[in-house]
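Please look through the model below, with its sequence at hand. The text after it goes through the sheets, the helices packed on them and a pair of aromatic rings.

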Amino acid sequence: MLTKEQNKIVTADFDDILVIEAYAGCGKTSTLIKFCEKRKDKKILYLAYNKSMGDEAKQKFKHLKNVSVFTMHSLAFKQLEKTLRLKQRILGNIKANDLFDFKSLKQLKDNNTKLKIINIFLKIYKSYCNSSENNLLSFSKKQLEDKALNLNTRISNAIMKELDENIKNNDNIIYEHDFYLKEFQLSNPVLEYDYILVDEAQDLNDCVIDIVLQQKAKKVFIGDTYQSIYSFRGANNALNKLSNLKNANILYLTQSFRCSPKIGELATIILKLNGAKNDFIGLNEKYIENEQLTIITRTNAILFDTAIKYAEQEKSIYVVGDIKETCNELIDICNLIINKKEYVKNEWYLKFSNFYDLTDFINATNDIELKNKVVIICKYLSQNKSIYELIKLLKKHLVNNMNNADYIITTAHKSKGLEFLNVELTKDYKISLEEKEELNLLYVAITRAKQNLIMPKDILNFIQNNKEK
């Protein structure tokens, strides 16, 4: 049975745009299914945020022949794979160190300065791909005005043109998924649908928004402004922007079937601190006896550290996401630190002569994630612990089914979309009234819990001190 809020959405009549603000666990997918069932005579495109969400949506919408499920990237890939030779490219995440040999920077002898400049231009290029802009050089010029590089326009344009040329035509250079998505946007695609439903709309970047808004179809954007935690990917208050459009209708889902009333109260405090107008209503009154505990960390470094702690206690562990890549990366970092480069396997790490070069790269690019990994390795080395033996121990206690684990361990980012009976948060959350996205991340972590929630004293004190604000 639908709530009044859900029924209002299912029966909504609108001309162009419907924006739905849906708090965590409020049944947005079931609402969208009913929305589509009521419009079986219409051709509907459902856009999922990522592949795993897309695969899940395909199962949930499979009884509806009028609904096609894609991610925006899969839609773009399908249309451009032959034109851009995408199957020949190395798809992944490119870093400044992959683009060292620049003709336009050949006069620079200092490699650190060269690396900093390439890193700045690569960040600008990625920002361009996430934007709705259609002129790379004019976008770059605006961005460079905030950078103290002292490069004239001619040299700046030459660097950016060379970067663009390499990314588009050099098959040996890593090609990011957002690069072909930008090409899709610039092609002004026409999507022949009556309705386009966009899930997790709070995390859209301006490029995706522009693609959808170009279409003649009626558009439904559903998400949670306060679960916006991907600004580093170019997401920027998408639901707020869409809500402010003149032709936008706004509806709400505020009643959570997942969370208990007590957790709902905690979530409301965080939401109000971040400017929310509506309370978070927890409807889950059930209580299930279960000793399994889910640990939600802020960082990957603490996730690994926590997993090792429980492995040393002989506990069974389920880690959300693939930890194998992280383990291999930590081994490579360790071998650089102890000056055993001959054992480094990852080609990217092989580009560094030694650990000092890696440190220079971290300082030049301010790569926080990489820095955290180095810190955790140095910690174990100082305790005379072998990273090989620790990973071996961890693998011994990993289980493939989370139902068989004593402890489930995940980061707040990877926990999004999941729910657990009992949750504990670690001490590495950065809590501040000024950092809105960190409050969002805390809200995401809190609302993964269905019944029990354990929090560090500093988070409890923060919530208590700001309860009346």
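What follows takes one sheet at a time, with helix packing and ring pairs in between.

The model is predicted. Strands of a sheet pair through backbone hydrogen bonds, either parallel or antiparallel. One open sheet here has 6 strands in the order β3-β2-β4-β5-β1-β6, and its pairing is parallel. At the edges stand β3 (67-71) and β6 (248-253); each has a single partner strand, so one side of each is left without a neighbour in the sheet. Neighbouring strands of this sheet are turned against each other by 20° on average, with direction ignored.

The partner of the edge strand β6 is β1 (residues 17-22), which runs parallel to β6 and is joined to β6 by 6 bridges. Within this pairing, L18 stands opposite N249 in β6. Helix α4 (residues 72-80) packs on the sheet, where α4 touches β2 (44-48) and β3, and the direction of α4 makes about 90° with that of β3. Helix α9 (residues 206-213) also packs on the sheet, touching β1, β2, β4 (195-198) and β5 (218-223). The direction of α9 makes about 150° with that of β5.

Two packed helices are described by the angle between their axes and the distance between the axes. For α4 and helix α8 (residues 177-186), the angle is about 70° and the axes are 9 Å apart. That makes α4 roughly perpendicular to α8, because angles from 65 to 115 degrees count as such. The crossing of α4 past α8 is left-handed. Residues of α4 in this contact include M72, L75 and F77, and those of α8 include Y180, L181 and F184. Sorted by class, the contact holds 8 nonpolar, 3 polar and 2 charged residues.

Aromatic rings come next. The count comes to 17 aromatic pairs. One pair, F14 and Y195, is edge-to-face, with 6.2 Å centre to centre and 70° between the planes. F14 lies in the loop between α1 (4-10) and β1, and Y195 lies in strand β4, so the pair ties together parts that are 181 residues apart in sequence.

A further open sheet consists of 5 strands in the order β10-β11-β9-β12-β13, with parallel pairing. Its edges are β10 (317-319) and β13 (449-454), each with a single partner strand, so one side of each is left without a neighbour in the sheet. The twist from one strand to the next averages 30°. Strands β9 (residues 293-297) and β11 (residues 407-411) pair in the parallel sense over 5 bridges, and Y407 in β11 is the bridge partner of L293. Helix α19 (residues 436-446) packs on this sheet and touches β9, β12 (420-425) and β13. The direction of α19 makes about 140° with that of β12.

Notes: Residues are numbered from 1 along each chain as its sequence is written. This is a predicted model: local features need pLDDT of at least 70, side-chain atom pairs count only at pLDDT 80 or more; totals for chains, interfaces and linings use all residues. Side-chain values use heavy atoms; hydrogens and water are left out. Two strands pair if DSSP finds at least two bridges between them. Helices (H or I, at least four residues) and strands (E, at least two) are DSSP runs, numbered from the N terminus. Axes are lines fitted to C-alpha atoms, for helices over the stretch in contact, and angles run from 0 to 180 degrees between N-to-C directions. Contact means heavy atoms within 4.5 Å. Angles under 35 degrees count as roughly parallel, over 145 as roughly antiparallel, 65 to 115 as roughly perpendicular and the rest as oblique. A crossing is left-handed if the near helix is turned anticlockwise from the far one by less than a right angle, and right-handed if clockwise. Ala, Val, Leu, Ile, Met, Phe, Trp, Tyr, Cys and Pro count as nonpolar, Asp, Glu, Lys and Arg as charged, and the others, Gly among them, as polar. Rings of Phe, Tyr and Trp (its six-membered ring) pair if their centres lie within 6.5 Å; planes under 30 degrees apart count as stacked, over 60 as edge-to-face and the rest as tilted.
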